[in-house]
Amino acid sequence: MGNKYGILFNLAQSAVNNPDGIVRDVIFPIVNEQTLRDLVKEFKHTGPAYREKVHTIIRASNGSHYRRMVPEILGILDFRSNNEVHQPVILALELVKRYTDTGQHYLPLLEDVPIDGVIRNVNREIIVEKDEKGQERINRMNYEISVLQALRDKLRCKEIWAVGANRYRNPDDDLSTDFEERREKTTRP
């Protein structure tokens, strides 16, 4: 059985493409035709096919020119987090750095690869692949892309920060030096 969104998409598309007869008599009184058209349009712009197309474009860009620059940048920058929850992304960055120049298509099976907190569930099937024996393996380039996306998201909200940066600095440095003193004054009755 396909996923439920795919089934709903097929149902909506079939109703829109064949509106006469039972569809017009039974479905349209419950869900009007324009709503179904809007659902079909939305699914085409957000569904799995769309995500796959976006990933293909990102992978092509990463596979050519970005792939040469990113290891240099990662080698220079030191990323940290003040919260243990975000450590999987930090560990994933270290893993990406270690295997940058190896040319391996897959990360070694013996490697402890951070998945939770690093890759999105919608991307899992393009990152965690199964070989002919059913053994899971991690597609290195797809994993790198996912790690960089996670890093971007965490940097934006300062869950991860870069040592020496200004905009993406340690969020503790954003507090005034007398923060604790002022905080105590405002919380006292």
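**Close-up views of a predicted model**

**View 1. Glu94 and Lys97 on helix α5.** Glu94 has a relative accessible area of 37% and is therefore partly exposed. The structure shown here is a predicted model. Lys97 falls in the partly exposed class as well, with a relative accessible area of 29%. The two side chains form a salt bridge, with an N to O distance of 3.3 Å. Both residues belong to helix α5 (residues 87-98), where a spacing of 3 residues means that about one helical turn separates them.

**View 2. Length and buried residues of helix α5.** The helix has 12 residues, so at 1.5 Å a residue it should span 16 Å; the C-alpha atoms at its ends are 17 Å apart, in agreement with that value. Its buried residues are Val89, Ile90, Ala92, Leu93, Leu95 and Val96.

**View 3. The largest nonpolar core.** This core holds 24 residues, and the members that touch the most others are Phe79, Ile138 and Tyr143. Two elements, α5 and α7, each give two or more residues to the core. The top contributor is α5, with 6 residues. In soluble globular proteins, nonpolar side chains tend to be buried together.

**View 4. Helix α7 from end to end.** Helix α7 covers residues 140-156, which is 17 residues, so at 1.5 Å a residue its expected span is 24 Å; the end C-alpha atoms are 24 Å apart, and the two values agree. Most of the helix is covered, with 13 of the 17 residues buried. At the N-terminal end, Asn139 acts as a cap: one of its side-chain oxygens is 3.2 Å from the backbone nitrogen of Met141.

**View 5. Lys158, after helix α7.** Lys158 follows α7 and has a positive phi near 60°. The residue has this phi although it is not a glycine. Lys158 lies in the loop that runs between α7 and β4 (161-162). Its relative accessibility is 22%, so Lys158 counts as partly exposed; the cut-off for buried is under 20%.

**View 6. Lys154 and Glu159.** A salt bridge links the side chains of Lys154 and Glu159, at 3.6 Å from N to O. Lys154 has a relative accessibility of 19% and therefore counts as buried. Glu159, with a relative accessible area of 28%, is partly exposed. Elsewhere, Arg120, Arg152 and Asp153 are joined into one network by salt bridges that share partners.

**View 7. Arg80 and Asp78.** The side chains of these residues, Arg80 and Asp78, meet in a salt bridge with an N to O distance of 2.8 Å. Arg80 is at 40% relative accessibility and so counts as partly exposed. Asp78 is at 31% and so is also partly exposed. The model has a count of 9 salt bridges.

**View 8. Arg137 over the ring of Tyr106.** The charged end of Arg137 is placed over the Tyr106 ring, 3.9 Å from the ring centre. The count of aromatic pairs in the model is 0.

Conventions
Residues are numbered from 1 along each chain as its sequence is written. This is a predicted model: local features need pLDDT of at least 70, side-chain atom pairs count only at pLDDT 80 or more; totals for chains, interfaces and linings use all residues. Side-chain values use heavy atoms; hydrogens and water are left out. Helices (H or I, at least four residues) and strands (E, at least two) are DSSP runs, numbered from the N terminus. The expected span of a helix is 1.5 Å times one less than its number of residues. Buried means under 20% relative accessible area, exposed over 50%, partly exposed in between (1.4 Å probe, protein chains only). A polar contact is a pair of N or O atoms within 3.5 Å; within protein, one must be able to donate a hydrogen and the other to accept it, and residues adjacent in sequence count only if both atoms are side-chain atoms. Rings of Phe, Tyr and Trp (its six-membered ring) pair if their centres lie within 6.5 Å; planes under 30 degrees apart count as stacked, over 60 as edge-to-face and the rest as tilted. A charge sits over a ring if NZ of Lys or CZ of Arg is within 6 Å of the ring centre and within 35 degrees of the ring normal. A salt bridge is a side-chain nitrogen of Lys or Arg within 4 Å of a carboxyl oxygen of Asp or Glu. A nonpolar core is a set of buried Ala, Val, Leu, Ile, Met, Phe, Trp, Tyr and Cys residues joined through side-chain atoms within 4.5 Å.
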